[in-house]
Amino acid sequence: MYSKPFPQSIAEKIIGKPCVSDTVGESDSTVLIFEDAVLKIEPTNCNANHEYAALRWLQNRLPVPEILDFAQADGQNFLLMSKLRGAMASDRIAESIEETVKALADGLQQLWRVDISDCPLDSTLGKRLQQAKYNIENGLVDTDDFESETLGENGFADVHALYDWLERARPSADLVFTHGDFCLPNIFTESGKAIGFLDLGKAGIADRWQDIALCVRSLEHNICTFCALPKAEFLRAKNLLYAALSISEDKEKLQYYILLDELF
Ligand SMILES: Nc1ncnc2c1ncn2[C@@H]1O[C@H](COP(=O)(O)OP(=O)(O)OP(=O)(O)O)[C@@H](O)[C@H]1O
Ligand SMILES: [Mg+2]
């Protein structure tokens, strides 16, 4: 929890207002939720700066929070934004897999409709692999968070072997606008529609499967682990997603983008 004084322009807008601290996010950010605003405080780094840039570029292009204020102090970014209505897809999935998957497909299609011809946000593979390398070299990769099969007997020997494989196995690119961390807690939904996108530190131009892959992985975590439903329910959700998007599974890209995300 952040304990130093807030920058003045931010303090003026929040002091004395009741708030709760979010417990969903796993990163080293602090998220304070007010009645109609949210303050996200995180160390000033590429990801946090990129999130602010992405939010600015996406205003009026996609349903993202409105920027109410932004400040940098003491090595931290302070992003004050409007509070999204609706609920996280992860809070909806237990109620209805069909409706939640429909909303996620709608979210992906909204992203793909964004015109990328003048988009300054580059999240293509070259850039992502550079960041992955930086994360490895600076001890920012937490192997405790890895999927169980990534390292070990049937997986990679270590993070360096994983990185080398990712460099060698780069798939061809089908570029669209991507969220970059399309997991269920980052997508707000209502009545089968995506009505808000959050956590945009990796948003930008990338391959379509960047988002599809993390969506599939997040569906599996939410359905099988958090809701403790049988694997068949996850497979049903995955097929519903592909049907709603009129695509078939690209196994190679699905695996590639899930493995790439291990290094973030
Ligand atoms: N503008 C907003 N409106 C409503 N809820 C929000 C908003 N911003 C953040 N939240 C809530 O706080 C949670 C964490 O926010 P966010 O995903 O931006 O933080 P994070 O620390 O980067 O999380 P992660 O672990 O996913 O990286 C969200 O899943 C959501 O529940
Ligand atoms: Mg998040």
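Buried means under 20% relative accessible area, exposed means over 50%, and partly exposed is in between (1.4 Å probe, protein chains only). This is a predicted model, in which local features need pLDDT of at least 70 and side-chain atom pairs count only at pLDDT 80 or more, while totals for chains, interfaces and linings use all residues. Residues are numbered from 1 along each chain as its sequence is written, chains are lettered from A and ligands numbered from 1 in the order in which they are written, and side-chain values use heavy atoms, with hydrogens and water left out.

**Exercise 1. The chain as a whole**

Task: Work out how many helices and strands the protein chain has, and how its radius of gyration fits the globule rule.

Solution:
- Step 1. Start with the secondary structure: there are nine helices and ten strands. Helices (H or I, at least four residues) and strands (E, at least two) are DSSP runs, numbered from the N terminus.
- Step 2. The radius of gyration is 18 Å, close to the 18 Å that the globule rule gives for 264 residues, so the chain is as compact as a globular protein of that length. The radius is taken over C-alpha atoms, and the rule is 2.2 Å times the number of residues to the power 0.38.
- Step 3. For the extent, the C-alpha trace spans about 55 × 45 × 40 Å along its principal axes.
- Step 4. Now look at cover: 49% of the 264 residues are buried.
- Step 5. Turn to contacts, meaning heavy atoms within 4.5 Å. Of those with a separation of 6 or more, 73% join residues 24 or more positions apart.

**Exercise 2. Helix α9**

Task: Find which residues of α9 are buried, and what they pack against.

Solution:
- Step 1. Locate the helix: α9 covers residues 251–261, and eight of its eleven residues are buried.
- Step 2. Name the buried ones: Lys 253, Leu 254, Tyr 256, Tyr 257, Ile 258, Leu 259, Leu 260 and Asp 261.
- Step 3. Look for their partners, which are the helices α5 (125–137), α6 (159–168), α7 (208–226) and α8 (231–245), together with strand β10 (204–207).

**Exercise 3. The magnesium ion**

Task: Say which residues coordinate the magnesium ion (ligand 2), and where they lie in the chain.

Solution:
- Step 1. Identify the donors: Asn 186 (OD1) and Asp 199 (OD) coordinate the ion at 2.2 Å. Donors are N, O and S atoms within 2.8 Å of the metal (3.2 Å for Na, K and Ca), and sites may look incomplete because water is not among the atoms.
- Step 2. Place them: Asn 186 sits in the loop between β7 (175–178) and β8 (187–190), and Asp 199 in the loop between β9 (193–197) and β10, so the pair ties together parts that are 13 residues apart in sequence.
- Step 3. Check their cover: Asn 186 is buried, at a relative accessible area of 7%, whereas Asp 199 is partly exposed, at 26%.

**Exercise 4. Two positive phi angles**

Task: Ala 228 has a positive phi, and so does Ser 246; find where each lies and whether each is buried or exposed.

Solution:
- Step 1. Recall the background: most residues other than glycine have a negative phi.
- Step 2. Take Ala 228, whose phi is near 50°. This alanine lies in the loop between α7 and α8, and a relative accessibility of 61% makes Ala 228 exposed.
- Step 3. Take Ser 246, with a phi of about 55°. Its place is in the loop between α8 and α9, and at 68% relative accessibility Ser 246 is exposed.

**Exercise 5. Lys 13 and Asp 118**

Task: Leaving aside neighbours within four places in sequence, list the contacts of Lys 13 and of Asp 118.

Solution:
- Step 1. Begin with Lys 13, in helix α1, which is partly exposed at 34% relative accessibility. With those neighbours set aside, its contacts are Leu 68, Asp 69 and Leu 80.
- Step 2. Add a distance: Lys 13 and Ala 243 are 230 residues apart in sequence and 45 Å apart in space, C-alpha to C-alpha.
- Step 3. Move to Asp 118, in the loop between α4 (97–113) and α5. Its relative accessible area is 48%, which is partly exposed.
- Step 4. Finish with its contacts beyond those neighbours: Asp 118 touches Trp 57 and Arg 61.
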